[in-house]
Amino acid sequence: MFENIRADIRRKRTAYVVRPEDQTFFRKYVKVNLQLGTIAVGVYRFGRWSKSIRIPVLRQLMFFIYSLLNMAVMLGAGINLHVYSTIGKGLVIHNFSCIFVLTERMGENCTVNQGVTIGNIRGKKHPPIVGDNVYFGAGCKVLGEIKIGNHVVIAANSLVVTDVPDNCTVAGVPARIISRDAASPYLQYAE
């Protein structure tokens, strides 16, 4: 749990504190850790850890605490990272509000902006599978039993309902490939 949280914060600090004027102690170490997206990711990591505890009474107590924290994050920030989703290290949530993430698996170094919905469609058995280093633009929707490849940029307000191959940018409703170039500036902070 702590290794994942450290990786999440390290990546957010790398992507967030890029201008010379952001190199102050407060902006680099305090402000990044107190953002609502960072807190939501920490609560998600705590929930995943609480599910893995082997002592039943302690697991139930920790999961109850997680449930309270998650409810506070949902009410205060509008972010719901489903505890049954498997999400890799380096998750960054920029901004907050109206974020819902339910995936079967999400790779490492993914970035989520406000208004993003990732989930399944009623009647489908499995939620989406997301690769490594994927950028979700503001307001995009990724729905259904689909697979998103590695190094993908999903543009703002796009609707993705079909598989997306590696190394491309998609946009539109429904989303179509607009570029097969993995050198997008959105993917440059993929440490």
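User: Which residue stands opposite Thr 169 in β15?
Analyst: That would be Ser 179. This is a predicted model, by the way.

User: Fine. How do β14 and β15 pair, parallel or antiparallel?
Analyst: Antiparallel, over three bridges, with β14 covering residues 168–171. The two strands make a hairpin with four residues between them.

User: What's going on with Gly 172 in that turn?
Analyst: Gly 172 has a positive phi, about 105°.

User: And the peptide bond from Val 173 to Pro 174, cis or trans?
Analyst: Cis, with omega near -10°. Pro 174 belongs to the loop between β14 and β15, so you meet that bond as you go round the hairpin, because the loop is simply what lies between the two strand runs.

User: What's the strand order in the sheet with β14 and β15?
Analyst: The order is β3-β6-β9-β12-β14-β15, an open sheet of six strands with mixed pairing. Its edge strands are β3 (92–93) and β15 (176–179), each of which pairs on one side only.

User: Over at the β3 edge, how many bridges join β3 and β6?
Analyst: Two, and those strands run in the parallel sense, with β6 spanning residues 111–112. Val 92 stands opposite Thr 111 in β6.

User: Let's move to β12. Where does Ile 154 sit, and is Ile 154 buried or exposed?
Analyst: Ile 154 lies in strand β12, residues 152–154. Its relative accessible area is 0%, so Ile 154 is buried.

User: What is Ile 154 in contact with, sequence neighbours aside?
Analyst: Leaving out residues within four places in sequence, the contacts are Val 134, Tyr 135, Phe 136, Gly 137, Cys 140, Val 142, Ile 148, Val 160 and Val 170. Val 170 falls within the β14 range of 168–171.

User: How far apart are Ile 154 and Val 164?
Analyst: They are 9.5 Å apart in space, C-alpha to C-alpha, and 10 residues apart in sequence.

User: Just ahead of β12 there's His 151. What does its phi look like?
Analyst: Positive, about 55°, although His 151 is not a glycine. His 151 is in the loop between β11 and β12. With a relative accessible area of 33%, His 151 counts as partly exposed.

User: Asn 167 caught my eye as well. What is its phi near?
Analyst: Near 55°, again a positive value in a residue other than glycine. Asn 167 is found in the loop between β13 (159–160) and β14. Asn 167 is partly exposed too, at a relative accessible area of 31%.

User: Switching sheets. What about the one with β11?
Analyst: That's an open sheet of four strands in the order β2-β5-β8-β11, with parallel pairing. The edges are β2 (86–87) and β11 (147–148), and each pairs on one side only.

User: How many bridges join β2 to β5?
Analyst: Two bridges, with β5 at residues 105–106. Across that pair, Thr 86 stands opposite Arg 105 in β5.

User: Now the arginine in α3. Is Arg 45 buried or exposed?
Analyst: Arg 45 counts as buried because its relative accessibility is 4%, and the cut-off for buried is under 20%. Its helix, α3, covers residues 36–51.

User: Which residues are in contact with Arg 45?
Analyst: Setting aside neighbours within four places in sequence, Arg 45 is in contact with Met 1, Asn 4, Ile 5, Asp 8, Ile 87, Gly 88, Lys 89, Gly 90 and Leu 91. Ile 87 falls within the β2 range of 86–87.

User: Zooming out, what does the secondary structure of the whole chain come to?
Analyst: Four helices and 15 strands.

User: How does its radius of gyration stand against a compact globule?
Analyst: The protein chain has 17 Å, which agrees with the value near 16 Å for a compact globule of 191 residues. Along its principal axes the C-alpha trace spans about 50 × 50 × 25 Å.

User: What share of the residues is buried?
Analyst: Buried residues make up 42% of the 191. The accessible surface comes to about 10100 Å², and 59% of that belongs to carbon and sulfur atoms.

User: And what share of the contacts is between residues 24 or more positions apart?
Analyst: Those account for 33% of the contacts with a separation of 6 or more.

User: Last one: how far apart are the mean positions of the positive and negative charges?
Analyst: 7 Å, for 23 positive and 12 negative charges.

Methods:
Residues are numbered from 1 along each chain as its sequence is written. This is a predicted model: local features need pLDDT of at least 70, side-chain atom pairs count only at pLDDT 80 or more; totals for chains, interfaces and linings use all residues. Side-chain values use heavy atoms; hydrogens and water are left out. Two strands pair if DSSP finds at least two bridges between them. The radius of gyration is taken over C-alpha atoms; the globule rule is 2.2 Å times the number of residues to the power 0.38. Buried means under 20% relative accessible area, exposed over 50%, partly exposed in between (1.4 Å probe, protein chains only). Contact means heavy atoms within 4.5 Å. Accessible areas come from the Shrake-Rupley method with a 1.4 Å probe; for residues, only the protein chains shown count as cover. Lys and Arg count as positive and Asp and Glu as negative; His and the chain ends are not counted. The place of a charge is taken as NZ of Lys, CZ of Arg, CG of Asp or CD of Glu.
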